[in-house]
Structure formats: C-alpha cells, structure tokens
Amino acid sequence: MSSFHSTRVRKGRVAAAVAAAGLLATLLTAGPAAATPDPGDLAPGGGSRQDAGLVEGRELAPGEIPGQDEIVHSKNIKHLANVPLAASATISTDLAFQGKYAYAGNYNGFTIYDIANPRAPKTVSQVLCPGGQNDISVHGDLLFLSTDSSRSDDSCNSVSQPATEKSSWEGIKIFDIKDKKNPKYVKSVETNCGSHTHTLVPDGRDIYVYVASYSPNEAFPDCKPPHDGISVVKVPKKAPTRAAVVAFPVLFPDGGNPGGPANPGVSKTTGCHDITVLPSKNLAAGACMGDGILFDISRPEQPRVIDRVQDNVNFAFWHSATFNERANKVVFTDELGGGGGATCNAATGPDHGADGIYDITGRGDQRKLAFRSYFKIPRHQADTENCVAHNGSLIPVGGGRDIMVQAWYQGGVSVWEFTDSARPKEIGYFERGPLTTDALGLGGSWSAYYYNGHIYSNDIAKGFDVLRLDDWRTESAKWVWMDRLNVQTQPEYH
C-alpha cells in the first residue's frame, strides 16, 4: 500500500467519509495514472465490519457486480473459514506463516492464528503496537514488524507525532515469539524515513533486513532527500538485541524516475516500496515507485543493480514484485490510486492498476527485464470499491507452469496463470460485493497467499479468510509443504 510521507505530518486522521468522497471524485476526473493518499488515512468503509456467518457464495454472471457484502466465487474455490477482525485491530495488512501458525499484521499491531485446522483457525494472541501498516515477517523465534508512522517513541504505547520533530521514531521492531501466547518485544532499529515494508535475507548466522521506505522531505530531520536507496539492518540470530543498520546502498545514483511533469501521473522515485528476494539465486526484484529493478544480492550488504525498467505510459506506482519458480519472469504490480481508488472499472481500462509481466532474458550481469503483457482481473468492480493490483504469491505447481494468487482489495482474491507471458488469464476468484453503495469505501483483501494447500487472505474490514482451491492445474501444489513462508523472501519450492 502506498504511503506518501508528505502526508505524514498529521494532525489527526482524515474523516473517512470526506476523504473517500474526495478520492472518488479525483479518480473519476483524473487521468489513469493519478496518485492518491494512503488508504491508511481512511477508516474501513461502510457495510458490516464482519460477516454474520460463513455463507456459501455463488458464481458471478458475466459483467455482473455482486450485491452489497455478497460473497461470490468461481466453482473451483470454496470459502472454508472467516475469523472476524478483532475490535482492537484496524485495517488488516500483510501475512507471514510458520509451521501451523499464521501471523497477520494490522495498523494497530498483529495477531497470531493457529491454522492447524484450516477450517477452524483459532486466535492465539493479539499484540497491540500501533505503527503504520505493520508489515510482518518471521524467522525462527523472531518476528519483524515495520513502523511507517511517525511516533512519539519506539514503544508499543507510542502516539502519533509529526515527522518534523527530531525525536519522532520510525523503523523496525523485533519480537521474540517463542511463546506464541505471549510475544515479547525485544529490540527496535530506527531507519531513515521509517519502514514501509521490509524483506528478510537469511545469511548463515545473521539475518539481513532490507528496509524499503520513500518520499523524503526537507522538513523531516530523519527523512531528508535524497533518499535513493534502502536501509540494510543486520540481525545476529543468536543476539537479536544487537541488530543495527549496517549499510544504505544507493540504488538510483541518477535519482531514478523524475515523475511529473516529465512523466505525468508517474511517481517520482525516492526509494523503494517493496523488494522480493530469491536467495537460492542471489537475486532480487525491487518495485521502486517509478522504477522496476533487478539486482544481485550475493553480497547482502552491497546489493548491485543489474537492470532497471520504467513504464511511463501505464504504470503509476511500482508496488511489489514476484518471481516465477524458474526465475525467468517477474510480475510487477502497479498500485494506481494508492490502494484507495476505484480503478477496476471500465473507465480505467485493463492496462492501468494492473500487473506487468516481464521475462528475464540473458545471463549474469547481462540479464534484462523484457516486458511481455499486462494482467488485470476481468471482473469490473463498482465505483464505490477500492480495487487495484496488490499482494500475492506463487502457487507452487511446478512442471513449468506459472500460477499465482493475488489480492485486489475489494476486487477480492484472484488466481491467475502466466505460463504464457503474453497471454495471462484468470482461472479462479473469490470476492465480496461492495462495502458501500453510496460512497467510496475502504476494504477488501490486502494480502492473499498460498500456504500448505490453502489460500489465506487478510481482509481490511472482514478479517482472516481461508479458501480452498480445487483445480487440476494446481493439484500438484498440494504436495509442496513449507515450514515457513515470508512471501517477499521467496523459497525454492521444488
């Protein structure tokens, strides 16, 4: 999700109804590459906060938009469970997995679920620790949490404080989760411009954390321009309290994409939004606002850019990246509208707010990213639904097929195939109807990931969903069993 630091000097949360109305008006009148504020500045919009109970959905007719809060899905997907968003939580965000547990971030902290029985997930513990979107990952007994909200201090009792104040804090928090019922906060590491997202890079005795953040401002003492790289935090596995920033590699020595007015509607590159690493190949892909990059991470403290691409016609904000299993393709997402806009409609079209599929050609330092096509869900959403390409993961089918599951906010969960880079297609979906029918609302699936035979979705307003996919094209994935999954640290599945 896009969070523009120029909006971080906050005097209070924007009223949801006013902000949503403004976003809708902007998106209906602006060009297709217009950027809008972070949905985190809104409250989950309208409708019921949770489902009254698990309801069997139906399949959509072509061109149909479901009724308010109505559950619909393709025949090959079944809704197994929903755990409503806890009263203490607000705006569900990312997911991580380890063993029989799922870890779900939200703007107020995180929740640990026992998913040993996917049909009946149980809440193990809830941790209150406000701090922006709380991007989350796990490794061993350690849990990492991103704070991208200017806070009064690094504690879980902090309050919002303007980023113009030097004493304000943002960065990475580390918890000990050996006792799942009682996680303990053990360490914080402040990073320049905070931590919008982070990515773990395991390296023997240490874990490196690539911290992505962006949008500096001369008025912010801890986030001044230029901000043309990433923070690298080194965490000794046996001594996590010694974690510290060890490097700030510059990825854009020329400043990156200048954005408008040279490239109207395109975000200026002032850092990265998200980074996905493929440790088995010493490779990483960065989605960096106005640029997509491929880089070598064989020396974790000194990542080196191999290739860089831009799309100044159809991409507004490079948001995230996913390698295929053979590491010869990358799917980049464009978060047009910052996640708060209604961009899955006929007016926006099929090439904006979509995925961009790139083949990786060549070898070694001669590898290049070659554009092949766009993919966008073929189901139009209402003008009251925030919808755009967002977080997803591979479904490890192997055998040369490329299939992934992906969240689209109120566009729901999409399963799609890109084995043929030039002809991607949706093969399954799950979604709820609009939260609201009279104004733009905020909701839908933030993250949808495949883990050990099931799809798990963290819905902004509705909570934690479990889906089962039964399709001949994905049956082989049910034999792939993982002991851990942080999606931005892609494993070697086969």
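Start with the cavities: this predicted model holds seven of 30 Å³ or more. Go to the largest cavity, which encloses about 130 Å³ of space.

Next, select Tyr 409, Arg 432, Gly 444, Ser 445 and Asp 459. Of the 16 residues that line the largest cavity, these lie nearest its centre. Now colour the lining by class. Seven of the lining residues are polar, five are charged and four are nonpolar.

Which elements give two or more residues to this lining? Select strand E26, residues 425-432, and strand E28. E26 gives the most, with three residues.

Stay with E28 and bring up its sheet. The sheet is open and has four strands, in the order E2-E29-E28-E27. The pairing is antiparallel. In general, strands of a sheet pair through backbone hydrogen bonds, either parallel or antiparallel.

Look at the edges now. Strand E2 (77-83) stands at an edge, and so does strand E27 (445-451). Each has a single partner strand, so one side of each is left without a neighbour in the sheet. Then turn the view to follow the twist: neighbouring strands of this sheet are turned by 20 degrees against each other on average, direction ignored.

Last, zoom in on E27 and E28. Select residues 454-459 for E28. How many bridges join E27 to E28? There are six, and the two strands run antiparallel. For one facing pair, pick Ala 448, then Ser 457 in E28, which stands opposite.

Note on methods. Residues numbered from 1 in each chain as written. Predicted model: local features only at pLDDT ≥ 70, side-chain atom pairs only at ≥ 80, totals over all residues. Heavy atoms only, no water. Pairing = 2+ DSSP bridges. Axes fitted to C-alpha atoms, helices over the stretch in contact; angles between N-to-C directions. 1 Å grid on protein atoms, 1.4 Å probe; cavity = no way out; pocket = protein on both sides within 12 Å on 5 of 7 lines; lining within 4 Å. Points joined across faces, edges and corners; volume = space filled by probe spheres on them. Nonpolar A, V, L, I, M, F, W, Y, C, P; charged D, E, K, R; others polar.
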